[in-house]
Amino acid sequence: MIERVLLIGVVTPLIDKDDIEEHLDELALLVTTLGKKVVEKLIVTRKKIDSGTFIGKGKVEEIEKLIEPLDIHAVIFDDDLSASQTATLNKRLDIEIFDRSRVILDIFADHARSREAKTQVELARLEYMLPRLKRLWTHLERQTGGIGIRGGMGETQIEVDRRIVRTKILKLKKDLRIIEKERITQSKRRDNIFKVALIGYTNAGKSTLMNALTEADVLVQNKLFATLDTTVRKFFLDKNHLVLLSDTVGFIRKLPHDLVASFQSTLNEVKEADLIIKVADIGSPHCFHQLETVDEVLKEMNISDTDSIIVFNKIDTMDDVMLKHAQSKYPDSIFLSAKNKLRLSELNKSILDKIKSHEVHVKMNLPLQSVKIIAELRNQAIILTENYEGNNILLEFSCHKNIWSRLKNKFSDKIEYEIIE
Ligand SMILES: Nc1nc2c(ncn2[C@@H]2O[C@H](COP(=O)(O)OP(=O)(O)OP(=O)(O)O)[C@@H](O)[C@H]2O)c(=O)[nH]1
Ligand SMILES: [Mg+2]
């Protein structure tokens with residue numbers, strides 16, 4: 001049976017109605033991703049949020065009258081409700097009450113495939129559930145109270161449930177630490193390579209771009225949160241420059257904090273990146289808002305300082321007005337179509353320019369006996385020219401600034417070198 005749902009958005013003096021409509025459209029997409037059917041969207045205007053019911057008693061009564069005629073199975077709020085608001089509404093309307101976080105958590109649970117994603121989602125769901133357990137039981141307690149069983153039993157049950165959930169949370173955190181360790185070992189091995197991370201709003205086309213650039217085989221779907229795991233692929237920008245490109249989970253407005261927290265290990269690739277590519281869907285009327293949300297999540301993760309390139313994807317679906325607007329708002333951005341493989345070379349060039357801005361170009365005169373250093377340079381730098389002069393070798397090479405400062409410390413004073421601007 002397809003579940004029929006009613007969506008609710010609340011307009012307050014701090015947010016305008018157009019924004020709420022946009023948010024409800026997005027919530028409808030999320031809910032459809034879960035296989036539910038939206039039968040009605042309701043916008044409630046309030047001066048202030050009601051602490052008991054969120055929308056106020058009058059509105060609750062209005063909704064109650066819609067439930068039967070519209071055959072509604074659940075009411076879904078775009079905003080996060082507190083545990084007690086959910087319980088109160090659930091009791092008054094006698095129907096399931098969801099909020100946006102719960103919807104997102106359920107989608108993540110449906111789409112999780114790997115052990116890591118499953119563990120992360122399970123952890124976030126339990127953290128979300130924990131404060132809500134008590135209310136659920138208080139509700140049951142009242143029901144059973146009527147037939148002569150007093151609170152005590154319910155009370156014990158809550159304690160037992162909470163303990164079980166807390167123990168499970170600890171176990172999942174431990175599992176995640178083990179998975180994280182494996183990831184750190186893997187990424188240490190790739191320390192010398194320039195790292196580029198694709199990030200962006202869900203459905204912007206990150207995985208399509210990953211596939212187009214690297215011939216990876218990441219799942220692409222017209223569906224929110226198709227990707228939950230990180231995929232990393234090597235790819236050559238030109239004959240000298242190799243980069244590691246990673247594709248990862250998408251962002252959305254009001255991403256539940258528990259999820260961001262538990263997805264830390266997946267998002268590590270973004271944290272360690274030398275360059276972030278922010279992918280945006282220029283065909284979406286909400287493109288700029290989506291870019292802002294991406295910046296907010298990055299800020300929450302403390303990684304707003306990483307160098308970045310903005311890519312407007314899906315140019316096959318945009319109009320001229322949008323193009324002009326984007327060009328003036330983000331003058332250094334790139335416009336392409338990942339699906340149709342249009343203008344990918346511009347992105348390549350732009351990544352290359354960024355890499356070069358992190359590189360040093362060095363000329364070095366080394367005695368041929370310095371076998372170790374020569375081997376290390378061959379391994380870690382890009383050798384541009386090499387000439388022999390008597391017992392010496394003249395090398396010209398470029399490498400990442402960080403590699404250079406590490407190598408430099410190993411050289412003795414006798415080695416001559418010159419940095420070329
Ligand atoms: N028209 C058009 N559609 C595109 C383009 N690039 C990607 N798409 C479509 O956009 C949808 C989402 O693409 P994905 O690559 O899965 O998006 P994503 O950013 O990885 O999404 P999540 O993993 O869910 O966060 C798919 O239906 C793609 O075919 C493009 O250049 N033009
Ligand atoms: Mg994806």
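Asparagine 203 sits in the loop that links strand S5 (194-200) to helix H7. In this predicted model, its phi is near 75°, a positive value in a residue other than glycine. That's worth a pause, since most residues other than glycine have a negative phi. Is asparagine 203 buried or exposed? It counts as buried, because it has 23 C-beta neighbours inside 10 Å and the cut-off for buried is 20 or more.

Now follow the chain a little further. Glutamate 215 lies in the loop between H7 and strand S6 (231-236). Its phi is positive too, at about 55°, although glutamate 215 is not a glycine. Its surroundings are another story: glutamate 215 has 9 C-beta neighbours inside 10 Å, so it counts as exposed. The cut-off for exposed is 12 or fewer. Here are the two loop residues together:

| Residue | Phi | C-beta neighbours inside 10 Å | Class |
|---|---|---|---|
| Asparagine 203 | near 75° | 23 | buried |
| Glutamate 215 | about 55° | 9 | exposed |

Helix H7 (residues 206-214) has another role in the picture: with three residues, H7 gives the most to the shell around ligand 1. How many residues surround ligand 1? The count is 24, and the closest are Gly205, Ser207, Asn222, Thr227 and Gly250. Sorted by class, that shell holds 14 polar, six nonpolar and four charged residues.

Let's step back to the whole chain. The protein chain has 14 helices and 14 strands, and buried residues make up 33% of its 421 residues. Along the principal axes, the C-alpha atoms fill a box of roughly 100 × 55 × 35 Å. Take the contacts between residues at least 6 apart in sequence: 67% of them join residues at least 24 apart.

The chain is divided into four pieces: domain 1 (4-108), domain 2 (114-187), domain 3 (190-356) and domain 4 (358-420). Between domain 1 and domain 3, the contact takes twelve residues from domain 1 and eleven residues from domain 3. On the domain 1 side, helix H1 (17-33) and helix H4 (100-111) each supply at least two residues. That side of domain 1 is made up of six nonpolar, three polar and three charged residues. As for the centres of domain 1 and domain 3, they are 31 Å apart, taken over C-alpha atoms.

Finally, have a look at a sheet. Four strands come in the order S12-S13-S11-S14, forming an open sheet with antiparallel pairing. Which strands stand at the edges? They are S12 (382-389) and S14 (416-420); each has a single partner strand, so one side of each is left without a neighbour in the sheet. From one strand to the next, the twist averages 15°.

Strands of a sheet pair through backbone hydrogen bonds, either parallel or antiparallel. For a pair to zoom in on, try S11 (residues 359-367) and S13 (residues 392-400), which run antiparallel and are joined by nine bridges. You can also find methionine 364 standing opposite leucine 395 in S13. Helix H13 (residues 371-380) lies across S11, S12 and S13, and it runs at about 35° to S13.

How values were computed
Residues numbered from 1 in each chain as written. Chains lettered and ligands numbered in written order. Predicted model: local features only at pLDDT ≥ 70, side-chain atom pairs only at ≥ 80, totals over all residues. Domains from an automatic or database assignment. Contact = placed C-beta atoms within 7 Å. Nonpolar A, V, L, I, M, F, W, Y, C, P; charged D, E, K, R; others polar. Near = placed C-beta within 6 Å. Pairing = 2+ DSSP bridges. Axes fitted to C-alpha atoms, helices over the stretch in contact; angles between N-to-C directions.
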